[in-house]
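Open the model in your viewer and keep the sequence panel visible. The stops below say what to select and what is there.

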Amino acid sequence: MWKNSSLRCVLALAILCLTSLICSQEIGSPGEPQNLKCIMHNLHKMICTWDVSSKGRYGQTDFCYATSDLLPPVCIKTREKRVEIPVSESSFTVIITTNSIYGAAFATKKFVIHKKDISFIPLAPHILSLTPDFSTSTLNLKWSDNGSVFPYGLDAFWQIEILRKETMEKVTQVIYHSKLTHENIILSWNWTSDMPLECTSHYAKIRSYINITDFVGHKDWSDWSPVEKVPGKDTEPNGSGVFPQDTVVAVGSDVTICCIHEEGQQIQQMTYGSEIYPLIHLSSRSSAIRVVNASASDASGTNVVCTLSQDWMDGTVLFVGYAPDTPQNLSCETSNFLIIKCTWKPGKPSGLYGKRRTKYSLLERISGKNISCEVNEMSRERVCGFPVLADQKTYSFTLGVSNPVGQAESSLLVDLTQRVHPKTPEKLIASGNSSTDVHLHWYINGSFTEIWLLCQIEISSGHSEQKLQNVSMAGGKFSTYTAQLNSLHPYTKYQFKVRCSAAEHFWRWSDWSRAEEYTTLEAQPARGPDVWRERSPSGRSLKIFWKPLSLSEANGKIVSHEVSCYLLDTPLEYKEVTEPSHSTEIKLGKNDCVISVVAKNHAGSSPPTKIMSVELPSDDVRTEHAVALGNGIYISWTSYPNVTCGYIVKWCHSSGAEHCSVDWEKFLSNTTDAVIKSVLFRPGVRYNFSLYGCKSSGYQLLKNITGYMKELPPKRAPNFTVEETSSDSILVKWEDIPIEDCQGFLEGYRLSFAKGEKDALKSRLSESGNPELKVKNITDLTKKSLRILDLQGKTSYQLDLQAYTAGGMSPANSLYVVTKEDCKLDIPIY
């Protein structure tokens, strides 16, 4: 029992001695300072931190620093291993003394800190807000630059990271640059996601780097800010749907479309249009598809369908179109100085319609006035109206065009007085009381008091080409304008049209007004009618013909002609012949007279046309052929020296089968040929012409001419018979062809014959190269018979007879003949 007690005392003493040794060490040996580091977060203060060499307990620490040997050190007492001191402009000395908590021991260490040993690390920035715009899939990040603690003009760089999904996968990392202004500025940065923000959660964090160029120490990025989060719809308890909802993208875009479902469901497939796309896993409740290089959709868009388990479906519509082209050919003008009409061509269609259609606005920069334009999308040219502003002549227009895909603009500077395009003149009226003058009145809707108008009048009539006449006049306010036209033709139906423009600065004509018809009053005929006469075969009466005056010569409606016969100024006979007759007959007896013909209308009488009735005797009057030209008949004659007042060519139909309509033309004395044309001429019809010479004592027939406008083949061949046949000859006789059947000047006959059996001869004469075929041409038109010789006894023959002119060959008349020796046969025509 004693022994146990003694042992306990020895152990207690040993434990006491060990404890005393440890305590004496803690009290007497505080840890030595080491690893002093100084870091600046701004240019005013720096934070110095250090470690101690052991884990012994220590009390207060004395931190003394001095920047110069001449200045006393500054000491700070602290119980932490960290102090904040002002920034030194040079190297400085630090003495750190760590004291025991019992005050019995201490440890001191001296440090020399150079400028290069100091680090500059900005404080971690703080995100003020991370705001989503779900309609554009855009995040807006805002933070303060804390620039108030830095000098003006330092470059600041901000590294921004965007992360996505539950796993916080990095999506993008960017560097944002700014300039510090010695003030706390709120900075903002936008980022647009390649997928809708609803599809999954998005995160943002930021850190900074301040570039202090004259700082020699180590510079580094700040710590990252705390992460800000924008949760996706897949984090909401009941969040579901297909996103984006009914959105618009540009053709060629890459589009991510996601489907979010509720808990307990699964996505079976997703389709874009008619195509199934592979799924991209985003979260337990969200998957997506990626449409690459999207093509233009229909007007109703392209359907996106998400098929879920349990036969559930969800979907959206994607509209794919083009950004608007820059407006082309922008032009602005006014028609009335009340409204400015601007037009342009829109370029390629956007493919977007309804509320997604392209919209237009017109901004006038001088006045600042901006209007929205309602345009017709179906029109190839767009139109927008802008009100004319008081006391403003110059307009600076900017046409803005935008749709959900993009926007464009076009600009134009306009001096309105140089862009006047008046409206169409209205209420055009013609009036007057003259045969050559007319007054025109018209109205223009618009106020043109500040300019002069130039108006152009189109004058057209049935017998003349269109003419244009320009008139200038002072512009008025919703006014009627008047112009007088002179030198018109009497009794002429005119059509007038008017268009107008600005006189000084021509821009565009207005459209033509409607046509106004007006007939000028009558005036007396300008000249007498063209007259001819023919004496009857007995010589006791005279048929007088005259041609109707043209509209421009008649100057009105001819109602009658006065025909008079004078002998030495003594009237022998007078007749008034009413329209539409253009001839009359006068009984002369044995007298000759001067015939006078006067045309009359309601305004008066024409000057008289006079012609002598005397017909001079003609010697040896020949008949010649004219030359057919196809569009007329060419005749010629030799010059007759005693012809003093010209030549007259008179013609008429030659057959006498129809009424002879007399016509004539007059030519000067030095004329020796003429081409006679008439709308009455017909091909194949023979016309007889008579050439008269005019002498002071009367008219003399010089020669007769026959001719065709165009020669045609004879209508038929002459009738012919076989008068005699023998063993070696056939005598053929034929008759003349009537002139009306010749259709040209007869040039000859063609007799073709060949031997052979009757049935074999039907086509024998038309066979080319037939050695049996023989042809005889008769050019002597006085000859009416022909004997065919050198035949070969009793033989069958077919004979064809044709007539021909310069226009061609007639059809053939045919006979079939069997020769008989010393026998005369009358063979009928087959």
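## Nonpolar cores

Keep in mind throughout that this is a predicted model. Start with Leu362, Phe397, Trp442 and Phe496: these residues have the most contacts inside the largest nonpolar core, which has 46 residues. Next select residues 493-502, which form strand 38; with 5 residues, this strand gives the most to the core.

For a second stop, select Phe63, Ile113, Ala156 and Ile212. They are included in a second core of 39 residues, separate from the one above. In soluble globular proteins, nonpolar side chains tend to be buried together.

## Phe496 and Tyr518

Which residues does Phe496 touch beyond four places in sequence? Select Phe496 and show its contacts: Leu428, Ala430, Val438, Leu440, Glu458, Ile459, Leu485, Leu488, Arg514, Ala515, Glu516 and Tyr518.

Move on to Tyr518, which lies in strand 39, residues 516-519. Is Tyr518 buried or exposed? Tyr518 has a relative accessible area of 13%, under the 20% cut-off, so this residue is buried. Leaving out residues up to four places away, Tyr518 touches Ala430, Ser431, Gly432, Asn433, Val438, Thr492, Lys493, Tyr494 and Phe496.

Now draw a distance between the C-alpha atoms of Tyr518 and Glu724. These two residues are 206 residues apart along the chain, and the separation is 80 Å.

## Cis peptide bonds

Select Phe243 and Pro244. The peptide bond joining them is cis, with omega about 5°. Pro244 is found in the loop that runs between strand 17 (241-243) and strand 18 (247-250).

Then select Glu579 and Pro580, which are also joined by a cis peptide bond; omega here is about 10°. Pro580 has its place in the loop between strand 43 (570-578) and strand 44 (583-587).

## Positive phi outside glycine

Select Met168. Although Met168 is not a glycine, its phi is positive, at about 55°. The loop that holds Met168 is between strand 11 (155-164) and strand 12 (169-179). Met168 is partly exposed, and its relative accessible area is 35%.

Asp620 is the next selection. Its phi is near 50°, a positive value in a residue other than glycine. Look for Asp620 in the loop between strand 48 (615-616) and strand 49 (623-625). With a relative accessible area of 63%, over the 50% cut-off, Asp620 counts as exposed.

## The whole chain

Clear the selection and show the whole protein chain as a cartoon. How many helices and strands does the protein chain have? There are 3 helices and 64 strands. The radius of gyration is 61 Å, well over the 28 Å that the globule rule gives for 830 residues, so the protein chain is more spread out than a compact globule. Align the view to the principal axes: the C-alpha trace spans about 205 × 85 × 60 Å along them.

Switch to a surface display. The accessible surface of the protein chain is about 43,900 Å², and carbon and sulfur atoms account for 50% of that area. Of the 830 residues, 44% count as buried.

A contact map is a useful companion view. Among contacts with a separation of 6 or more, 65% are between residues 24 or more positions apart.

Finally, color by charge. The protein chain has 85 positive and 88 negative charges, and the mean positions of the two sets are 2 Å apart.

Definitions and conventions. Residues numbered from 1 in each chain as written. Predicted model: local features only at pLDDT ≥ 70, side-chain atom pairs only at ≥ 80, totals over all residues. Heavy atoms only, no water. Helix = DSSP H or I, 4+ residues; strand = E, 2+ residues; numbered from the N terminus. Rg over C-alpha atoms; globule rule 2.2 N^0.38 Å. Buried < 20%, exposed > 50% of the residue type's maximum accessible area, 1.4 Å probe, protein only. Contact = heavy atoms within 4.5 Å. Areas by Shrake-Rupley, 256 points an atom, 1.4 Å probe, with all protein chains shown as cover. Lys, Arg positive; Asp, Glu negative; His and termini not counted. Charge placed at Lys NZ, Arg CZ, Asp CG, Glu CD. Core = buried A, V, L, I, M, F, W, Y, C linked by side-chain atoms within 4.5 Å.
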